[in-house]
Amino acid sequence: MAQRESQRSVKRERAGGAGAEEGERVGASSGVRASHHIELPQYETVALVLQGGGALGAYQAGVYQGLDEAGILPNWLAGISIGALNTAIIAGNAPKHRVEKLHEFWETICQPAYGPPVPPSIEHALFNSNDAVRKMFTAMQAVGALVDGQKGFFTPRFPPPLPAVSVPPQNASYYDTTPLKATLERLCDFDRINSKEMRVSVGAVNVHTGNFAYFDNTHTTLKPEHFMASGALPPGFGAVEIDGEYYWDGGLMSNTPLAEVAQASPRRDTLAFQVDLWSAIGPVPDNITDVQGRVKDIQYSSRTRFVTDTMRHSQRFRHVLREVLERVSPEHRNDPWCKLAEQLACSKRYNIIHLIYRDKEYEGHYKDYQFGLSTMHQHWASGLDDIRNSLAQPGWLDMPDNDASFVTHDIHRDSR
């Protein structure tokens, strides 16, 4: 234990003031507040991996605020769908402005596209009333998103598309996401994104080939369209054209880019904060409304724990192979089988901090398009709580020292 503690020396400095201020603006948080910067072990990659999930993505913004408070700056951001949009905001701003810009982004898209929003005092009263009123109010907000769209994000097409009428692929959808491009251009510095200050990867699906594609700033000049493509979930949103090809939301094939980060070559000592918006574990529904919600949970959770289990087994094999090779006498190291084994062996270490949004009682199957401001604040505060509590756990950020050189932590799973 003493060795672990020595790996986590703590500087008693206050994290960025912007992050602290935002915590008060988005809602109360009951987590352990970070009042210091955390000095990490010598990880070569510190990744923030963001799953898709629409309106639930404010949870990811709360997680980033907690990392910012602790002075943890990822050097690789990977996202899909709403996770890609959060990635754009984070990577497209200087560290001291990131939480502020995330807040501006979410405050913008959580307002109706047309007409005035519900006055804050009335929204607060309805949202904080009894469960029945809250469920009715949030359901009405979800209907509002379908009917009116969301400011700076998407608006309904008028007239709506007809089933048998051919239109350009980018128009074959119920909503127009042109406002999202303007929002990204206003809030993000794409020169900064492409400067490779940090690695940025976003996933999408090629509509023609059905192949999954990662747009990565190490080999592609990223534009608003790349992030929009990652979030172009049909038939709500139209395909996005990039270099003559059309792309849809990456969540259609894989809703989390964790494997892209953990299996990158060359392999590196990696600390990854995996932020999921859908929980694979949940109650068996007993009505049609809950069935719809549970289907989404299972469909979009992307079996993250299955991925981490597979990676653990693979890394254990590579680590054991490395240890065995160290015991092979020098005269046999030139053997072709030993040469092949050296290519497969790996001594790198992987630590996955898993954060999963937990549904609230009032949320229905529409939770991914219920963009109410009060709900957004609660999602944000949940993410902030979970990352603060995760960072407070002794030894969780240490380099793994088990036979797999691989470890995962989950504040909800480990606290049961």
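This report describes salt bridges, helix crossings, a surface patch and some backbone details of one chain in a predicted model.

**Salt bridges**

The model holds 18 salt bridges. Three of the pairs are set out in the table.

| Pair | Closest N to O distance | Citation |
|---|---|---|
| E69 and R388 | 2.6 Å | salt bridge |
| R199 and D216 | 2.8 Å | salt bridge |
| K367 and D297 | 2.9 Å | salt bridge |

The salt bridge between E69 and R388 joins distant parts of the chain, since E69 belongs to helix α3 and R388 to helix α15 (residues 373-391), with their positions 319 residues apart. E69 has a relative accessibility of 2% and therefore counts as buried. R388 is buried as well, its relative accessible area being 5%.

R199 and D216 form a salt bridge between two strands. R199 is in strand β7 (residues 199-206) and D216 is in strand β8 (residues 212-216), so this pair ties together parts 17 residues apart in sequence. R199 has a relative accessible area of 28% and is partly exposed, whereas D216, with 1%, is buried.

The side chains of K367 and D297 also meet in a salt bridge. Here the link runs from the loop between β12 (350-356) and α15, which holds K367, to helix α12 (residues 288-300), which holds D297; the two residues are 70 apart. Both K367 and D297 are buried. These two residues also belong to a network of salt bridges that includes R294 and D359.

**Helix crossings**

Helix α3 (residues 58-69) and helix α5 (residues 98-109) have axes that come within 10 Å and cross at roughly 165°. An angle over 145 degrees counts as roughly antiparallel, and α3 and α5 are therefore roughly antiparallel to each other. Their crossing is left-handed. Helix α3 is also the helix that contains E69 of the salt bridge with R388.

A second pair consists of helix α4 (residues 82-91) and helix α8 (residues 178-187), whose axes come within 9 Å and cross at roughly 25°. That angle makes α4 roughly parallel to α8. The crossing of α4 and α8 is right-handed.

**A nonpolar surface patch**

F317, W337, L340 and L344 make a nonpolar patch of about 450 Å² on the surface. Helix α14 (residues 336-344) gives the most to this patch, with three residues. F317 lies in another element, helix α13 (residues 304-326). With a relative accessibility of 46%, F317 counts as partly exposed.

**Backbone details**

Most residues other than glycine have a negative phi, and most peptide bonds are trans. Some places in this model depart from that pattern.

The peptide bond from P234 to P235 is cis, with omega near -5°. P235 is in the loop between α10 (224-230) and β9 (240-242). Another cis peptide bond runs from S265 to P266, where omega is near 0°. The loop between α11 (258-262) and β11 (270-276) holds P266.

S81 has a positive phi, near 60°. This residue is in the loop between β4 (76-80) and α4, and its relative accessibility of 12% makes S81 buried. K196 has a positive phi too, near 65°. K196 sits in the loop between α9 (190-193) and β7, and is partly exposed at a relative accessible area of 48%.

How values were computed
Residues are numbered from 1 along each chain as its sequence is written. This is a predicted model: local features need pLDDT of at least 70, side-chain atom pairs count only at pLDDT 80 or more; totals for chains, interfaces and linings use all residues. Side-chain values use heavy atoms; hydrogens and water are left out. Patches are made of residues with over 30% relative accessible area and no salt bridge: like charges are joined within 9 Å, nonpolar side chains (Val, Leu, Ile, Met, Phe, Trp, Tyr) within 5 Å. Accessible areas come from the Shrake-Rupley method with a 1.4 Å probe; for residues, only the protein chains shown count as cover. A salt bridge is a side-chain nitrogen of Lys or Arg within 4 Å of a carboxyl oxygen of Asp or Glu. Helices (H or I, at least four residues) and strands (E, at least two) are DSSP runs, numbered from the N terminus. Buried means under 20% relative accessible area, exposed over 50%, partly exposed in between (1.4 Å probe, protein chains only). Axes are lines fitted to C-alpha atoms, for helices over the stretch in contact, and angles run from 0 to 180 degrees between N-to-C directions. Angles under 35 degrees count as roughly parallel, over 145 as roughly antiparallel, 65 to 115 as roughly perpendicular and the rest as oblique. A crossing is left-handed if the near helix is turned anticlockwise from the far one by less than a right angle, and right-handed if clockwise.
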